[in-house]
Structures are given as structure tokens and as C-alpha cells.
Amino acid sequence: TRQDDAGRAARSVGDAGLVAAEKAQALAQEHRVTERISESFQKVKAMDAQYAVSEKATSAAATSWQALRDFDKKHRLSSKAGKGLVQATASAVSASSAAVGWLRRPSASSSSG
């Protein structure tokens, strides 16, 4: 380990980190954070089992995705958006190339010297 100011600073930061971690662990134990999170998770699981929330959400998501795919197929949005993206990218590349070419061009003041 370095014995200069940088080494001392690094050790000081490391020591402070260890103290902070120990305090955080003590607070978590004192306030039963792990147990409370576990209890909350069990309650959520019980509600999900009772009301089938995740099943309904999954079903709604699948139905929405299918409706979106059908709409896209009917109106060809992704195809049109893809063409627009290609055109926008080509325009951006063209503009960038022009800007780079302009920047590389010798200026009037440097060519007259």
C-alpha cells in the first residue's frame, strides 16, 4: 500500500466506508428491515394469489401486444417508421460529413500565409 498522501486518503475513505456499512447493518438489524421486507413480500404474494394480479397483468399485456401488432400490420407503421429512420440517419451522416469537410478545409487566413 502506498505510504504517501494518496495512500492515506484511500485508507481513510475505505475506513469511513467500513464504518458506514457497519452502522447501516446495525440500523437494519435494529429496525428489522430484512424481516419487514420479507413480511411485505409474503403479503404481496398472498394478494396476488387471492386476486390473480400478475396473471391478469400478464394477460392484459399479451392482449395489448397482440392488438398493437395487428394495428401495426394493418397500417404498416413499423415499415414506415423504419424508412423514416433510415432517411433521418442518412441525412445526419450527410450533414456530419459536410461539417467535417468544412472543418478540414483550409481557412483563407492560413492559405494566404
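**A chain built from helices**

The accessible surface of the chain adds up to about 9,900 Å², and 62% of that surface belongs to carbon and sulfur atoms. Bear in mind that this is a predicted model. Of the 113 residues in the chain, buried ones make up just 1%. As for the overall layout, the chain contains five helices and zero strands, so reading along the sequence gives the pattern α-α-α-α-α.

Start with helix α1, which covers residues 5-30. Its 26 residues should span 38 Å at 1.5 Å a residue, and the end C-alpha atoms of α1 turn out to be 37 Å apart, which agrees. Next comes helix α2, made of residues 33-51. With 19 residues, α2 reaches 27 Å from its first C-alpha to its last, close to the 27 Å expected at 1.5 Å a residue. Helix α3 takes up residues 53-75. Counting 23 residues, α3 reaches 32 Å between its first and last C-alpha, close to the 33 Å expected at 1.5 Å a residue.

What happens to the backbone just after these helices? Most residues other than glycine have a negative phi. Just after α1, though, Arg32 takes a positive phi of about 50 degrees, even though Arg32 is not a glycine. Arg32 sits in the loop between α1 and α2. Arg32 counts as partly exposed because its relative accessible area is 37%, which falls between the 20% and 50% cut-offs.

A similar story can be told just after α2, where Ala52 takes a positive phi of about 55 degrees. Ala52 is not a glycine either, and its place is in the loop between α2 and α3. With a relative accessible area of 22%, Ala52 is over the 20% limit for buried residues and therefore counts as partly exposed. Then there is Arg76, which follows α3 and has a positive phi near 50 degrees.

Now for how α2 and α3 meet. Two packed helices are described by the angle between their axes and the distance between the axes. Here, the axes of α2 and α3 come within 6 Å and cross at roughly 65 degrees. On the α2 side, the contact is made by Met47, Asp48 and Tyr51, while α3 brings in Val53, Ser54, Glu55 and Lys56. Sorted by class, this contact of α2 with α3 has three nonpolar, one polar and three charged residues.

One more residue of α2 deserves a look, namely Gln50. Is Gln50 buried or exposed? Its relative accessibility is 57%, and since anything over 50% goes in that class, Gln50 counts as exposed. The side chain of Gln50 also makes a polar contact with the side chain of Tyr51, at 3.4 Å. Tyr51, in turn, is one of the α2 residues that make the contact with α3.

Note on methods. Residues numbered from 1 in each chain as written. Predicted model: local features only at pLDDT ≥ 70, side-chain atom pairs only at ≥ 80, totals over all residues. Heavy atoms only, no water. Helix = DSSP H or I, 4+ residues; strand = E, 2+ residues; numbered from the N terminus. Buried < 20%, exposed > 50% of the residue type's maximum accessible area, 1.4 Å probe, protein only. Polar contact = N/O pair within 3.5 Å; in protein donor to acceptor, adjacent residues only side chain to side chain. Axes fitted to C-alpha atoms, helices over the stretch in contact; angles between N-to-C directions. Contact = heavy atoms within 4.5 Å. Nonpolar A, V, L, I, M, F, W, Y, C, P; charged D, E, K, R; others polar. Areas by Shrake-Rupley, 256 points an atom, 1.4 Å probe, with all protein chains shown as cover. Expected span 1.5 Å × (residues − 1).
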